[in-house]
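Student: I would like a close look at a single part of this protein, taken residue by residue and then set into its surroundings. Please take your time over it and keep the answer connected.

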Amino acid sequence: MGSRLQIQGDESVLLRITHSNLKSFSTDVRFSLQLTVKAVKEKMWKKCGTSVNSMGLELYDDMGAKISELSDNSRPLGFYSPQDGYRLHVIDFDPSSVTSGGWLEDTSLVEKYKISEEAYDKLDGTFRRFKGKLAHQNPSAHETKIPDNYVEELCAKIKVGDRCQVEPGEKRGVVKFVGQAETLGPGFWIGVQYDEPLGKHDGMVKGTRFFDCPLLHGAMVRPDKVQVGDYPERDLFEEEEI
């Protein structure tokens, strides 16, 4: 047992994360072996939405065999001897959790707000009103079209697999798509998988799949919002240390 507690200074491990309620949720996360189990749960709460108090963690090896339950919040992750390629399974024990019932994965379960065309036409400040006013003031303005190669030159130094930061918000992630997306509009787009659940989808937008990523981690943005370079995934707990 003593050898399991021997954790070297900055050692870390890359684990595959799965979730009991989110069947499509799967992502790789690197953890410091110095992190306590509670700190690991805090980090996973920010990624999948399961609260710390309602979360259980199970460790599986690369063959799918269960190694242990991470039941002691005060122990360091290294105590359980995880290795690169092992799977950390998140269990949500809260029946009323935001992750239960499929709400985060099946948008058809969400009741849609609908408004009649007649009621919409009576509203002030809508895009339809703005567009009509603009066309009245400058009849040729609404005829201007965005070219098919719009912002193509900005994509020259962006490639799939690049680490990146997206503005506004300094959101970090990895580039998953570079190219045209007719369903979104003319010109070129960048698909990004955020490190945290700061996106709007899982890589599918308006019925077209541009890439695959965990739910709420995906975004499609214009290349002028993307900077590529040395943008490693932030460790929120290390940043808080002084």
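**Thr-18 and the sheet around it**

Tutor: With neighbours within four places in sequence left aside, Thr-18 is in contact with Phe-25, Arg-87, Leu-88, His-89 and Val-90. This is read from a predicted model, and the values that follow are computed from it. Thr-18 itself lies in strand 1, which covers residues 12–19. Because buried means under 20% relative accessible area, Thr-18, at 16% relative accessibility, counts as buried. One of its contacts can be described at the level of side chains: the side chain of Thr-18 makes a polar contact with the side chain of Arg-87, at 2.9 Å.

The strand that holds Thr-18 is part of a wider arrangement, an open sheet formed by five strands in the order 2-1-5-3-4, with mixed pairing. The edges of this sheet are strand 2 (26–32) and strand 4 (66–69), each of which pairs on one side only. On average, and with direction ignored, neighbouring strands of the sheet are turned by 35° against each other.

At one of these edges, in strand 2, we find Arg-30. Since its relative accessible area is 39%, Arg-30 is classed as partly exposed, whereas Thr-18 counts as buried. The C-alpha atoms of Arg-30 and Val-13 are separated by 5.5 Å, although the two residues are 17 residues apart along the chain. Val-13 also appears among the contacts of Arg-30, which, again leaving aside neighbours within four places in sequence, are Ser-12, Val-13, Leu-14, Lys-43 and Asp-84. With Ser-12 the link includes a polar contact between the side chains, at 3.2 Å.

The other edge can be followed through its pairing. Strand 4 pairs with strand 3 (residues 55–60) in the antiparallel sense, over three bridges. Within this pairing, Leu-59 has Ser-68 of strand 4 as its bridge partner.

Further along the chain there is another run of paired strands, which may be set beside this sheet. Strand 6 (residues 163–166) and strand 7 run antiparallel and are joined by four bridges, and here Gln-165 stands opposite Arg-172 of strand 7. The hairpin of strand 6 and strand 7 has four residues between the strands, and in it Gly-169 takes a positive phi near 105°. Strand 7 then continues the pattern on to strand 8 (residues 185–194), with which it pairs in the antiparallel sense over eight bridges; one bridge partnership here is that of Gly-173 with Tyr-194 in strand 8. The hairpin that joins strand 7 to strand 8 passes through three residues. Strand 7, spanning residues 171–181, is mostly covered, with eight of its 11 residues buried.

To place these parts in the whole, the secondary structure of the protein comes to four helices and 12 strands. Of the 242 residues in the protein, 40% are buried, and Thr-18 counts as buried too. Among the contacts in the protein with a separation of 6 or more, 55% are accounted for by residues 24 or more positions apart. The accessible surface of the protein comes to about 14,800 Å², and 51% of that surface belongs to carbon and sulfur atoms.

How values were computed:
Residues are numbered from 1 along each chain as its sequence is written. This is a predicted model: local features need pLDDT of at least 70, side-chain atom pairs count only at pLDDT 80 or more; totals for chains, interfaces and linings use all residues. Side-chain values use heavy atoms; hydrogens and water are left out. Two strands pair if DSSP finds at least two bridges between them. Helices (H or I, at least four residues) and strands (E, at least two) are DSSP runs, numbered from the N terminus. Axes are lines fitted to C-alpha atoms, for helices over the stretch in contact, and angles run from 0 to 180 degrees between N-to-C directions. Buried means under 20% relative accessible area, exposed over 50%, partly exposed in between (1.4 Å probe, protein chains only). A polar contact is a pair of N or O atoms within 3.5 Å; within protein, one must be able to donate a hydrogen and the other to accept it, and residues adjacent in sequence count only if both atoms are side-chain atoms. Contact means heavy atoms within 4.5 Å. Accessible areas come from the Shrake-Rupley method with a 1.4 Å probe; for residues, only the protein chains shown count as cover.
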